[in-house]
Amino acid sequence: MKKALITGINGQDGSYLSEYLLSIGYEVYGMIRRQSVSENQSYRIQNLNQKIKTFYGDITDKKSIDNILSEVNPNEIYNLAAMSHVRVSFEVPSFTINVNSLGVLNLLEAYKDICPEARFYQASSSEMFGNSIDSDGFQRLTTPMNPTSPYGCSKVLAYNLVNHYRNAYDLHASNGILFNHESPRRGTNFVTNKVVKGAVEIKKGLKKNLELGNLDSSRDWGHSYDYVRAMHLILNNKQPRNWIVATGENRTVRELCAYVFDRLELNYENYIIQNKKFIRPEELKYLKGDASEIKEKLGWQPEYTFNTMIDEMIDLWMRKIS
Ligand code: NAP
Ligand code: GDD
């Protein structure tokens with residue numbers, strides 16, 4: 001039985017990845033941080049509590065990583081832990097670099113010294129590209145990285161560290177450059193779930209309008225369930241290397257709003273208010289990923305479409321909010 005260790009196990013992707021790995025026969029271990037309200041921390045993995053084993057730790061605390069790796073001795077390490085909110089990263093830039101870059105360095109050092117035979121996955125991000133776009137309108141592995149946020153910068157450093165540790169120490173360490181992915185478990189301060197929740201509240205008469213930032217930026221939105229299966233394929237490829245995971249389609253935030261409100265028989269233009277608070281000091285305007293390689297070489301295929309994903313999120317909020 002293979003053993004997987006997941007940092008960020010109680011996040012959106014960590015919860016889907018745990019379910020997927022359990023379903024294919026893995027033993028699943030996870031690192032969680034201590035929080036003052038422990039119920040908030042575990043709601044995404046509540047149903048898995050009997051099946052997974054979690055340890056308190058923090059990727060900025062090297063000693064905690066050493067202890068967990070020594071105890072678990074995993075075959076696969078998935079580093080999903082991060083300060084993952086781009087706009088918040090402008091407000092806490094050093095914290096973001098500390099967790100997302102130096103935290104990864106701590107993990108790589110511990111991995112190299114304690115369990116170098118394991119395989120390592122790093123949750124890299126399309127935010128690393130910033131506003132670089134190839135002439136055909138896509139981003140791919142060769143697209144220059146010009147990040148436009150402290151979060152993007154932090155992920156570029158981590159990406160380079162993973163490449164360096166792979167080359168220098170012959171480790172099976174890979175980066176998955178994942179484009180935006182969502183689900184009903186997405187934090188409600190990310191735009192998809194914020195729009196869906198807000199629109200349902202308006203539909204149910206609980207709210208009059210919804211405040212957003214930039215409506216013109218475009219994102220390539222997939223489903224977390226599909227993307228965690230890609231993470232597993234990446235680690236189970238013989239050669240460690242980097243991959244792009246994306247849908248290859250993009251939409252603007254305005255188009256997202258139009259779809260969601262329309263499904264609820266509302267006109268978004270009557271309810272959306274722009275608030276400067278949600279505009280970023282520098283905006284990444286356009287993301288569309290070329291995932292042809294992972295489809296051709298590893299056989300990855302998403303099951304969800306944009307519409308089925310958003311419909312699932314709407315259905316959940318319609319049931320949740322009375
Ligand atoms: P998420 O829901 O915000 O989950 C992040 C997880 O990291 C949470 O469990 C969080 O724990 C944990 N964490 C934060 N700081 C930590 C630390 N110092 N030590 C240990 N754990 C820590 O994010 P997600 O959407 O699942 O994304 C997973 C990973 O993929 C992240 O690295 C993200 O940057 C990256 N990524 C995400 C996307 C996307 O669109 N979702 C795209 C590309 C890359 P708490 O609950 O205690 O905060
Ligand atoms: N969050 C948020 N809130 N975003 C808004 C809002 C708002 O009120 N109004 C407009 N937006 C726009 C943002 O400016 C951005 O252009 C787009 O909606 C998407 O924002 P988020 O959902 O916050 O995601 P993100 O693209 O910044 O970052 C996500 O994707 C990255 C991969 O590209 C995160 O999951 C990152 O962790 C991930 O790496």
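**Close-up views of a predicted model with two ligands**

**View 1. Lys194 reaches ligand 2 through its side chain.** A polar side-chain atom of Lys194 sits 2.7 Å from an oxygen atom of ligand 2. Keep in mind, here and in the views that follow, that this is a predicted model. Ser217 also offers a side chain: one of its polar atoms is 2.6 Å from an oxygen atom of ligand 2. Gly213 takes part with its backbone instead, placing an N or O atom 2.8 Å from a nitrogen atom of ligand 2. On its own, ligand 2 has 710 Å² of accessible area, and the protein covers 96% of it.

**View 2. A shell of 23 residues surrounds ligand 2**. The closest members are Ser125, Tyr151, Ser217, Arg280 and Glu283. Sorted by class, this shell holds 8 nonpolar, 9 polar and 6 charged residues.

**View 3. Gln35, Ile59 and Leu80 make polar contacts with ligand 1**. From Gln35, a polar side-chain atom comes to 2.7 Å from an oxygen atom of ligand 1. Ile59 and Leu80 use their backbones: a polar atom of Ile59 is 3.0 Å from a nitrogen atom of the ligand, and one of Leu80 is 3.0 Å from an oxygen atom. Taken alone, ligand 1 exposes 900 Å², of which the protein buries 90%.

**View 4. Helices and a strand contribute to the shell around ligand 1**. Helix 1, strand 5 (119-125) and helix 6 (150-169) are the elements that each give two or more residues, with strand 5 supplying the largest share, 3 residues. Of the 25 residues around this ligand, Asn10, Arg33, Gln35, Ser84 and Tyr151 come nearest. The shell is made up of 10 nonpolar, 10 polar and 5 charged residues. If you have just come from View 2, you will recognise Tyr151, which is also listed among the residues closest to ligand 2.

**View 5. Seven strands form an open, parallel sheet**. Follow the strands across in the order 3-2-1-4-5-6-11. Strand 3 (52-56) and strand 11 (243-245) are the edges, each pairing on one side only. On average, neighbouring strands are turned by 20 degrees against each other, direction ignored. At the strand 11 edge, strand 6 (residues 172-178) pairs with strand 11 in the parallel sense over 3 bridges. Look there for Gly176, which stands opposite Trp243 of strand 11.

**View 6. Helix 1 lies across four strands of the model**. Residues 12-23 make up this helix, and the strands it lies across are strand 1 (3-7), strand 2 (27-32), strand 3 and strand 4 (76-79). Relative to strand 1, helix 1 runs at about 175 degrees.

Terms used
Residues are numbered from 1 along each chain as its sequence is written. Chains are lettered from A and ligands numbered from 1 in the order in which they are written. This is a predicted model: local features need pLDDT of at least 70, side-chain atom pairs count only at pLDDT 80 or more; totals for chains, interfaces and linings use all residues. Side-chain values use heavy atoms; hydrogens and water are left out. Two strands pair if DSSP finds at least two bridges between them. Axes are lines fitted to C-alpha atoms, for helices over the stretch in contact, and angles run from 0 to 180 degrees between N-to-C directions. Contact means heavy atoms within 4.5 Å. A residue is near a molecule or strand if one of its heavy atoms lies within 4 Å of it. A polar contact is a pair of N or O atoms within 3.5 Å; within protein, one must be able to donate a hydrogen and the other to accept it, and residues adjacent in sequence count only if both atoms are side-chain atoms. Accessible areas come from the Shrake-Rupley method with a 1.4 Å probe; for residues, only the protein chains shown count as cover. Ala, Val, Leu, Ile, Met, Phe, Trp, Tyr, Cys and Pro count as nonpolar, Asp, Glu, Lys and Arg as charged, and the others, Gly among them, as polar.
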